[in-house]
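User: I am new to this structure and should like to understand the reasoning behind the terms used to describe it. Please explain each term by setting the value against its criterion.

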Amino acid sequence: MDPSIKEIRHYLHKHPDLPGQEDNTARYIIEQLKQTAPDELLTGLGGKGIIAFYKGAKPGKRIAFRAELDALPIAE
């Protein structure tokens with residue numbers, strides 16, 4: 001696993017946002033995505049949703065990833 005991916009996962013697990021309160025998580029994800037130089041970055045979709053578009057070198061099918069931004073309040 002790429003070290004930066006591991007760091008992102010650790011940050012998100014240490015700073016969870018509850019449903020409807022994902023401001024910190026959305027800001028963090030946007031900053032991480034900006035570092036990857038997307039061709040287009042849409043934010044605020046349905047509230048806090050984010051989409052990053054990347055044009056490939058060749059025409060054809062693309063892959064999409066989806067993730068939830070909120071955490072569940074649980075006692076550990």
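User: Why is the pair R66 and E68 called a salt bridge?

Analyst: The closest N and O atoms of R66 and E68 are 2.6 Å apart in this predicted model. A salt bridge requires a side-chain nitrogen of Lys or Arg within 4 Å of a carboxyl oxygen of Asp or Glu, and therefore the pair R66 and E68 qualifies.

User: What makes R66 and E68 count as exposed?

Analyst: The cut-off for exposed is over 50% relative accessible area. R66 has 70% relative accessibility, so R66 counts as exposed. E68 has 53% and therefore counts as exposed as well.

User: How many salt bridges does the structure hold, and how do you know that D23 and K48 form one of them?

Analyst: The structure holds 3 salt bridges. In the pair D23 and K48, the closest N and O atoms are 3.5 Å apart; the limit is 4 Å, so the pair meets the criterion.

User: Which parts of the chain does the pair D23 and K48 link?

Analyst: The pair links distant parts of the chain, 25 residues apart: D23 belongs to helix 2, and K48 to the loop between strand 1 (40-45) and strand 2.

User: Why are D23 and K48 called partly exposed?

Analyst: Partly exposed covers what lies between buried, under 20%, and exposed, over 50%. D23 has a relative accessible area of 40%, so D23 is partly exposed. K48, with 25%, is therefore partly exposed too.

User: What makes E31 and K34 a salt bridge, and where do these two residues lie?

Analyst: Their side chains meet at 3.6 Å, N to O, and this distance is within 4 Å, so the term applies. Both residues are in helix 2; because E31 and K34 are 3 residues apart there, about one helical turn separates them. E31 has a relative accessible area of 42%, which means that E31 is partly exposed.

User: Why is E22 said to have no salt bridge, and which side chain of opposite charge is nearest to E22?

Analyst: The nearest side chain of opposite charge is K48, at 4.5 Å from E22. A salt bridge requires a distance within 4 Å, so E22 has none. E22 is nevertheless buried, a term that means under 20% relative accessible area.

User: What surrounds E22, and where is E22 placed?

Analyst: E22 is placed in the loop between helix 1 (3-14) and helix 2 (23-34). Leaving aside neighbours within four places in sequence, E22 is in contact with D17, K48, L69 and D70. The side chain of E22 also reaches the backbone nitrogen of G20 at 3.1 Å; the limit for a polar contact is 3.5 Å.

User: How do you know that D17 has no salt bridge?

Analyst: R27 is the nearest side chain of opposite charge to D17, and it is 6.9 Å away. The criterion is within 4 Å, so D17 forms no salt bridge. D17 is buried and lies in the loop between helix 1 and helix 2.

User: Which backbone atom lies by the side chain of D17, and which residues does D17 contact?

Analyst: The backbone nitrogen of N24 lies 3.3 Å from a polar atom of the D17 side chain. Apart from neighbours within four places in sequence, the contacts of D17 include E22, D23, N24, L69 and D70.

User: Is I50 buried or partly exposed?

Analyst: I50 has a relative accessible area of 21%. Buried means under 20%, so I50 is classed as partly exposed. I50 is in strand 2 (residues 49-53) and, not counting residues up to four places away in sequence, touches A26, I29, I30, L33, L41, L42, T43 and L45. The C-alpha atoms of I50 and L33 are separated by 9.5 Å.

User: What makes E7 exposed?

Analyst: E7, found in helix 1, has a relative accessible area of 54%; the cut-off is over 50%, so E7 is exposed.

User: What is the overall pattern of the protein, and what percentage of its residues are buried?

Analyst: The protein has 2 helices and 2 strands, arranged along the sequence as α-α-β-β. Buried residues make up 13% of the 76 residues.

How values were computed
Residues numbered from 1 in each chain as written. Predicted model: local features only at pLDDT ≥ 70, side-chain atom pairs only at ≥ 80, totals over all residues. Heavy atoms only, no water. Helix = DSSP H or I, 4+ residues; strand = E, 2+ residues; numbered from the N terminus. Buried < 20%, exposed > 50% of the residue type's maximum accessible area, 1.4 Å probe, protein only. Lys, Arg positive; Asp, Glu negative; His and termini not counted. Polar contact = N/O pair within 3.5 Å; in protein donor to acceptor, adjacent residues only side chain to side chain. Contact = heavy atoms within 4.5 Å.
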